[in-house]
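Here is a friendly walk through one structure, from the place where its chains meet to the spaces inside. Keep the 3D view open while you read.

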Amino acid sequence: MKKLVRLLVLALLTFTITFGSFACGGGPKPWEGKTIIEFGCYQGGWGREWLDKAIEKFQEMYPEYYVKVDYEKSYEDLQSKIVTGKQDIFYAGINLYDFLEQDEFMDITDVMTTPLNEYLADSEIPITETKTIESKMTGTWQDMKDYCLSYDGHYYNVPFGGGLWTLNYNRDLFNRKKLFKDKDGDWCKADGDLTVGQDGVAGTYDDGLPVTYEDFTELLEQMSEEEGMTPFFWSYVDGYTKHFAHALGVAQDGKDVFNIFKTMNGSYDFDGDGIAETAIDNTNAWKLRNTSGRKFALQFCKDVIENGYYDSQSGKSNQSHLTSQKRYVQSEYNSKRGGNIKPIAFFIDGGHWHNEAEDVIAQTSERSGEDIQFGVMPFPWFEGCSAEKTTYYISSQNSTLCIRKNATEPEGCKKLLAFLNTDEMLVLSTKTSGIVRFMNYEMSETDLAAMPYYYQSTWEAAHNSDICYTICANEKIFRNFNYFNLGWEWDCTAPNGLPLNNPLENFKASATSSVTVQQYFNALYSAGPSEWSKNVK
Amino acid sequence: MKAIKEKTNTSFAGKKDRYIFIACMLAVPILFFCVFSLGVKLNSVLLSLKEYVVEDKKGSYEFLPFSSLGKNFGEAIGNLFNDQEVIWAFKNSVIFYLVGLLFTMPLSIFITYIIYKKIPGSKLFTIMAYLPQMLSTIIMTLMFKNLVEKVLPYLLGKPELSVFKDYTKLGVFIYYNSWVNLGANVILYLGAMTRIPEDLIEVGQLEGISLWKEFRLITLPLIFPTITVFIVAGVAGLFTNQNNLYNFYDAEAPKDISNLGYYMFVRVIGNHAQLRDYPYASAFGVLFTMVAAPITLLVKYLLEKFGPSAEF
C-alpha cells in the first residue's frame with residue numbers, strides 16, 4: 001500500500017513538473033544562448049517606448065546580448081534596486097552623490113571620452129559617429145558636465161533629459177478661437193500675419209503669442225470673457241505647480257540672475273532695500289528668494305486665483321496627473337457635448353505630460369474629428385524684468401543613466417550606455433517621447449516634421465532660448481539638491497502662522513487666500529535664514 | 001535489560017528527532033526576529049549616536065565624538081520647541097491620539113455592542129465597520145479621496161474647494177482614520193464580548209436588568225482587558241503612527257497636518273530623504289521611545305491596578 005502511495009505521489013510530481021514546464025512555454029527563450037544585461041528603468045512620464053525601441057536596435061547591433069528591462073514606477077523601489085537589485089544599468093532620477101559616496105557606480109570615463117565609432121567598433125552594424133559623449137555636453141549643458149566631473153574628475157553617470165516648465169497650451173483650440181495676435185493687433189488664427197513673439201524672429205513657435213504680461217492679461221480676458229474658456233487647470237501634484245511658479249520667476253530674472261544663485265557668487269540689486277548691490281555668497285544666497293522676478297511670479301499666481309482664471313477641479317485630490325491630463329485634453333470636446341466644463345487653454349504640468357497623454361489625445365482627436373495639437377509658449381515678461389532672452393527652467397534635472405559598480409556584465413552595460421547616447425538614439429528619444437536630452441545634437445527637418453507639434457515647439461524653445469537648471473558643480477547645491485529642488489522654492493510661514501509652500505495653491509486655499517503678494521514675499525525673506533541653516537549643509 | 005536499553009535509546013532517538021524538528025521550525029522565525037527586529041532596533045539606537053561623514057569622497061556613518069554624543073538628540077529636542085514643522089507634527093500626533101481615545105474607542109465599543117446584541121441596524125454597522133478591513137489600504141485611500149473630494153465641496157457649497165489641501169484637511173483625516181480603525185477595534189471587542197458566558201447575561205435578564213445596565217455592569221468590566229490593550233497600544237503608537245498620511249500625500253503632506261510618525265518617515269524615504277538625516281531621524285525615534293515606553297508601562301500598570309477586573 002505504502003509503495004502504491006509513493007508511486008502515485010512520484011507520478012503526480014513528475015506530471016506537475018512536466019506540465020509546469022510546458023505551461024511556461026517550452027520553446028526557446030529569447031535570451032537563450034545570449035548574455036543578459038539587466039536594466040532597471042524608471043517608468044515615469046517619459047514612458048518606456050524610447051527604451052524599447054533603443055534596445056531593439058541595440059540587440060540588432062549586438063546579437064550576443066539580450067537586454068531584460070525591469071520597468072519600475074516607484075522612485076523609491078528603483079533606488080533600492082540600485083543598491084540591492086540584480087539590475088546592472090539604470091535610468092533613474094537620483095541624488096547622484098548619495099550613491100557615489102556609497103561607492104555604488106562604475107567609472108565610465110572611457111565610455112564618455114572614447115569616440116563612439118571606436119567604442120562601438122565591434123557592433124554588427126557600424127556606427128559612424130566620431131564624437132565622444134563628453135563632447136556633446138558643452139554650451140548649455142556645460143554645468144551638467146561639470147556636475148558629473150565634480151566628484152573626482154571621473155564620469156560615473158550620463159545626465160539624461162527633461163522638458164520645460166512653462167505654459168502648455170492647446171494650439172488647435174487657440175486656432176479655432178482665434179487667439180493669436182496679428183501685426184495689426186487683431187485676434188486671428190495661426191495662419192494670420194502674426195506678431196513675431198518674444199524671440200523677435202518670424203516663423204518660430206512663439207509667433208502671435210503674448211510677449212508681455214499686458215499682452216497675456218489681454219489674452220486671458222479675451223479667452224475667458226469673449227470665448228467662454230477657462231484659462232488654467234492643474235492637477236493635484238504639488239510639485240508641478242511649485243515648479244511652474246518657480247520657473248515663472250526664473251523666466252523673469254533671466255539666466256544671469258539664476259547663475260548668481262547657482263554659483264552663489266555675484267551681486268544683486270534687491271528692490272526697495274536701499275542698497276545698490278548686495279553681494280551674494282554661500283551664506284546669504286537665500287536672499288535670492290526675493291528677486292523681482294519671483295515677486296512677479298507671486299503676482300501672476302495671485303491674479304490667476306483672484307480673477308477666477310482656473311478650472312474648479314484644479315488641485316483637487318481626485319485630479320491625479322493622468323486624470324487631469326484627460327480632463328484638459330477632452331475639455332473642448334466635452335464642453336461641446338454639453339458637459340459641465342469649458343474649454344481649457346493652459347495646463348500646468350511637467351514637459352513629460354504630452355507623452356503620458358498620447359493615447360488620450362489620439363482618442364479625443366478621433367472622437368471629435370478635430371485636430372488636437374498642443375504647444376509650449378514662453379512665460380510673458382513683466383515690466384522691468386531683467387531677462388534679456390526667453391528663459392526656460394528644465395524639468396527632470398536629476399534623471400540619469402548609470403551602471404552599478406560591480407555589474408555582472410560590465411562590457412555589455414557600457415556598450416549599451418554608449419549606444420543610448422549616440423546621436424541616433426538621442427534623436428530617437430526626442431522623436432518618441434519629446435525628451436530634450438541634455439546634450440547637443442541636431443534634429444533633421446524630416447524628424448521634426450514627424451513629431452507632434454508639442455515636441456516640435458519644445459525642441460525649438462529649448463534650442464533658441466536660455467536654459468536654466470539647478471544642477472551644477474556647486475557643492476552647496478548638489479549636496480542639498482532635494483531641498484533646492486522643492487523646499488527652497490516657496491517654503492515659508494504666513495502671517496497667520498500657516499505654512500506656505502505653493503503660491504497657486506496657497507492663494508486658492510481659504511485659510512491662506514487673504515495673504516497678499518507682499519506678505520508672501522516678506523514671508524519668504526523672513527524664513528530665509530532659518531530655512532537656509534536648517535536645510536543647506 | 002536489553003529491552004530496557006533499546007527502549008531508552010529509542011526514546012532518546014525520538015526526543016532527538018523532536019528537538020531537531022523544533023529547532024528547524026524555530027530557527028527561521030528566530031533568525032528573522034533577530035535580524036529584522038532586534039538588529040534593526042539596535043542599529044537605530046547606534047545610528048542615533050552617529051553622523052554621516054564624507055571623507056575621501058566616501059560617505060559613512062561614524063560615531064560622534066564622546067563630547068558631542070548627544071548632538072542628534074539635542075537637535076531633535078531643540079526642534080521640538082523651535083521648529084514649526086515639528087511643533088505641528090507633535091500637536092497633530094496628540095490630536096489624533098486623543099480623538100482615538102475619546103471618540104473612536106467609545107464609538108467602537110458602542111457599535112460592537114449593537115452588533116453583539118443584534119440590535120436593529122447592526123448589519124449596517126457591521127458593513128460600515130468591516131468595509132475598510134476587507135479592502136486594501138490603497139484602494140480605500142483612492143475611494144475615499146475620490147468620493148470626499150467630489151461630495152464634500154458641494155455639501156459645503158464650495159465647488160472649488162480642495163478638501164485635502166484646504167482648511168478641511170485635518171478634519172477629513174481625523175474622520176478617515178477613525179473610520180478605518182473602527183473595523184479592527186470592532187473585531188477585537190466583538191471577540192471579547194462573545195466570550196462573556198451566556199449564563200451571566202441570562203441571570204441579568206432574569207433579574208430584569210436593562211440593556212444599559214447590562215452593558216455597564218457586565219459587558220464593560222468583562223471586556224476591560226481588551227480596552228486596556230487598546231489604550232496601552234495607543235500610547236505606544238502616539239509618536240510613531242503616521243495615520244495614513246503617506247498614502248494620501250506621498251512625501252508632500254502639508255506641514256500643518258503632518259504628525260511625528262510621518263515626519264520621521266519622510267526623512268528616510270521619498271523626495272526629501274537624505275543619508276545625512278538618518279541619524280537625526282533615529283535620534284528622534286529613540287527619544288520618543290524613551291518618552292513613550294515609561295508612559296506606556298505606567299498606563300498599563302494603572303489600568304491593571306485600578307481598572308475593573310474580572311475572570312471568566
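In this predicted model, chain A and chain B share 23 residue pairs in polar contact, both partners being at pLDDT 80 or more. Which helices of chain A supply at least two residues each to the side that touches chain B? They are H4 (96-100), H10 (238-263), H20 (481-490), H21 (503-508) and H22 (517-535). The largest share of that side, 3 residues, comes from H22(A). Sorted by class, the side of chain A that touches chain B has 9 nonpolar, 13 polar and 14 charged residues.

How much of each chain takes part? The contact draws 36 residues from chain A and 35 residues from chain B. The size of an interface is often given as the accessible area lost when the parts come together. Here the area buried between chain A and chain B is about 3100 Å², and carbon and sulfur atoms give 43% of that area.

Charged residues bring us to salt bridges. Side chains of opposite charge can pair when their charged atoms come close. Across the interface of chain A and chain B there are 7 salt bridges, while the structure holds 36 over all chains. One that joins the two chains is the pair Lys165(B) and Glu505(A), with the closest N and O atoms 2.9 Å apart. Within chain A, Glu218(A) pairs with Lys181(A), and their closest N and O atoms are 2.8 Å apart. This pair links distant parts of the chain, with Glu218(A) in helix H9 (residues 213-226) and Lys181(A) in strand S8 (residues 180-181), 37 residues apart.

Now look for the open spaces. The second largest pocket has a volume of about 1100 Å³. It is lined by 45 residues, and those closest to its centre are Lys534(A), Asn535(A), Gln274(B), Arg276(B) and Asp277(B). Both chains give elements to this lining: H4, H10, H20 and H22 of chain A, together with strand S1 (50-55), helix H2 (71-82), helix H10 (260-268) and helix H11 (278-306) of chain B, each supply at least two residues.

What about closed spaces? A search of the whole structure finds 2 cavities of 30 Å³ or more. In the largest cavity there is about 120 Å³ of space. Its lining includes His246(A), Asp253(A), Phe258(A), Arg294(A) and Trp488(A). Which element gives the most to the lining of the largest cavity? That is H10(A), with 7 residues.

The second largest cavity has a volume of about 50 Å³. Among the residues around it are Ile94(A), Met144(A), Tyr147(A), Asn157(A) and Ser399(A). Helix H7 (142-149), strand S4 (157-159) and strand S16 (399-403) of chain A each supply at least two residues of this lining.

The table sets out the linings by class.

| Space | Nonpolar | Polar | Charged |
|---|---|---|---|
| Second largest pocket | 14 residues | 11 residues | 20 residues |
| Largest cavity | 6 residues | 3 residues | 2 residues |
| Second largest cavity | 6 residues | 5 residues | no residues |

Try finding H10(A) in the viewer as a last step. This helix supplies at least two residues to the side of chain A that touches chain B, at least two to the lining of the second largest pocket, and 7 to the lining of the largest cavity.

Key
Residues are numbered from 1 along each chain as its sequence is written. Chains are lettered from A and ligands numbered from 1 in the order in which they are written. This is a predicted model: local features need pLDDT of at least 70, side-chain atom pairs count only at pLDDT 80 or more; totals for chains, interfaces and linings use all residues. Side-chain values use heavy atoms; hydrogens and water are left out. Contact means heavy atoms within 4.5 Å. Buried area is the accessible area (1.4 Å probe) that two parts lose on being put together, summed over both. A salt bridge is a side-chain nitrogen of Lys or Arg within 4 Å of a carboxyl oxygen of Asp or Glu. A polar contact is a pair of N or O atoms within 3.5 Å; within protein, one must be able to donate a hydrogen and the other to accept it, and residues adjacent in sequence count only if both atoms are side-chain atoms. Helices (H or I, at least four residues) and strands (E, at least two) are DSSP runs, numbered from the N terminus. Ala, Val, Leu, Ile, Met, Phe, Trp, Tyr, Cys and Pro count as nonpolar, Asp, Glu, Lys and Arg as charged, and the others, Gly among them, as polar. On a 1 Å grid over the protein atoms alone, a cavity is a set of points where a 1.4 Å probe fits but cannot get out, and a pocket is an open set with protein on both sides within 12 Å along at least five of seven lines; lining residues have an atom within 4 Å of a point. Grid points are joined across faces, edges and corners, and a volume is the space filled by probe spheres set on the points.
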